[in-house]
Amino acid sequence: MNVAKPKISKEVMQIDAFYSYVKDRLSDDISIIAIKSYAERIEGMDFSRMELRSSIIENCKFCSCNFKSASFINVIFQSCDFSNSKFADAYFERCQFVDCKCVGLDMHGTVIKQTTFEQSNFKYSNFDETKMTEVIFDNIDFT
């Protein structure tokens with residue numbers, strides 16, 4: 001199976017305060033495009049209906065956050081922690097999860113296309129009614 005890699009913009013803008021940056025755009029229903037967020041620590045925040053495109057999220061911790069009905073297209077998640085977060089009814093296309101901790105993740109009803117999951121921990125995660133097309137799981141813990 002040949003899964004397309006995320007198409008990341010050559011010029012991404014480094015974001016130092018992810019929540020503040022996203023919050024302003026969420027309230028105005030604006031897509032977030034071509035950003036890079038590094039080493040953020042966020043807990044219990046609401047990012048529902050967020051749309052993130054052509055971006056890199058690296059070494060970030062989003063524990064118990066709400067990403068319900070969010071959309072992620074061409075996004076790389078590298079060494080992130082999403083433990084106990086909710087991605088119910090979310091949409092992923094051409095994304096990569098590499099070396100992520102996703103213990104207790106709620107992916108109920110999510111649509112996942114052309115996405116790879118590598119060397120990540122998805123213990124106790126819920127994938128009920130998730131629709132997957134051209135998805136690769138490599139060295140994933142689903143216990």
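Asn-74 sits in strand E7, which covers residues 71-78. The structure is a predicted model. Asn-74 counts as buried because its relative accessible area is 8%, under the 20% limit for that class. Leaving out residues up to four places away in sequence, Asn-74 touches Lys-5, Pro-6, Lys-7 and Ile-8. Under the same condition, Asn-74 also touches Arg-53, Ser-54 and Ser-55, together with Glu-93, Arg-94 and Cys-95.

Strand E7 also takes part in the nonpolar interior. The largest nonpolar core has 36 residues. Those with the most contacts inside this core are Met-50, Phe-62, Phe-67, Phe-72, Phe-77, Phe-82 and Phe-92. At least two residues of this core come from each of helix H1 (18-27), strand E5 (51-58), E7 and strand E10 (111-118). Phe-62 can serve as an example of the surroundings of one core residue. Not counting residues up to four places away in sequence, Phe-62 touches Phe-18, Ile-42, Phe-47, Ile-57, Phe-67 and Phe-82. Asp-81, Ser-83 and Ser-85 are also among the residues that Phe-62 touches.

The next element to follow is strand E3, residues 35-38. In a regular strand, side chains alternate between the two faces of the sheet. Strand E3 shows this alternation: Ile-35 and Ser-37 point to one face and are buried, whereas Lys-36 and Tyr-38 point to the other and are not buried. Strand E3 pairs with two strands discussed here. Strand E1 (residues 13-15) runs parallel to E3 and is joined to E3 by three bridges. Within this pairing, Gln-14 stands opposite Lys-36. E3 and E5 are likewise parallel, with three bridges joining them. Here Tyr-38 of E3 stands opposite Glu-58 in E5.

Glu-58 has a second link to E3, through a salt bridge. The side chains of Lys-36 and Glu-58 meet at 3.4 Å, N to O. This pair links distant parts of the chain, with Lys-36 in strand E3 and Glu-58 in strand E5, 22 residues apart. Lys-36 is partly exposed, with a relative accessible area of 24%. Glu-58 is partly exposed as well, at 23%.

How many salt bridges does a search of the whole structure find? The search finds five, and the Lys-36 and Glu-58 pair is a salt bridge of this structure. Another joins the side chains of Glu-51 and Arg-53 at 2.4 Å, N to O. Glu-51 counts as partly exposed because its relative accessibility is 25%. Arg-53, which also touches the buried Asn-74, is itself partly exposed with a relative accessible area of 31%.

A further salt bridge connects Asp-89 with Lys-68, whose closest N and O atoms are 2.9 Å apart. Asp-89 lies in the loop between E7 and strand E8 (91-93), and Lys-68 in the loop between strand E6 (61-63) and E7, so the pair ties together parts that are 21 residues apart in sequence. Asp-89 is partly exposed, with a relative accessible area of 38%. Lys-68 falls in that class too, at 35% relative accessibility.

Strand E10, a contributor to the largest nonpolar core, also contains Glu-118. Glu-118 counts as partly exposed, its relative accessibility being 25%. Leaving aside neighbours within four places in sequence, Glu-118 is in contact with Gln-96, Phe-97, Val-98 and Asp-99. Asp-138, Asn-139 and Ile-140 are also in contact with Glu-118. The C-alpha atoms of Glu-118 and Phe-137 are 6.1 Å apart in space, while the two residues are 19 residues apart in sequence.

Phe-137 leads to the surface. Together with Met-132 and Phe-142, Phe-137 forms a nonpolar patch there, with about 260 Å² of accessible area for the three together. Phe-142 belongs to the segment after strand E11 (131-138). Phe-142 counts as partly exposed because its relative accessibility is 43%, between the limits of 20% for buried and 50% for exposed. Strand E11 itself holds Glu-134, a partly exposed residue with a relative accessible area of 36%. Between the C-alpha atoms of Glu-134 and Asp-106 the separation is 20 Å, and these residues are 28 residues apart along the chain.

Conventions. Residues are numbered from 1 along each chain as its sequence is written. This is a predicted model: local features need pLDDT of at least 70, side-chain atom pairs count only at pLDDT 80 or more; totals for chains, interfaces and linings use all residues. Side-chain values use heavy atoms; hydrogens and water are left out. Helices (H or I, at least four residues) and strands (E, at least two) are DSSP runs, numbered from the N terminus. Buried means under 20% relative accessible area, exposed over 50%, partly exposed in between (1.4 Å probe, protein chains only). Contact means heavy atoms within 4.5 Å. A nonpolar core is a set of buried Ala, Val, Leu, Ile, Met, Phe, Trp, Tyr and Cys residues joined through side-chain atoms within 4.5 Å. Two strands pair if DSSP finds at least two bridges between them. Patches are made of residues with over 30% relative accessible area and no salt bridge: like charges are joined within 9 Å, nonpolar side chains (Val, Leu, Ile, Met, Phe, Trp, Tyr) within 5 Å. Accessible areas come from the Shrake-Rupley method with a 1.4 Å probe; for residues, only the protein chains shown count as cover. A salt bridge is a side-chain nitrogen of Lys or Arg within 4 Å of a carboxyl oxygen of Asp or Glu.
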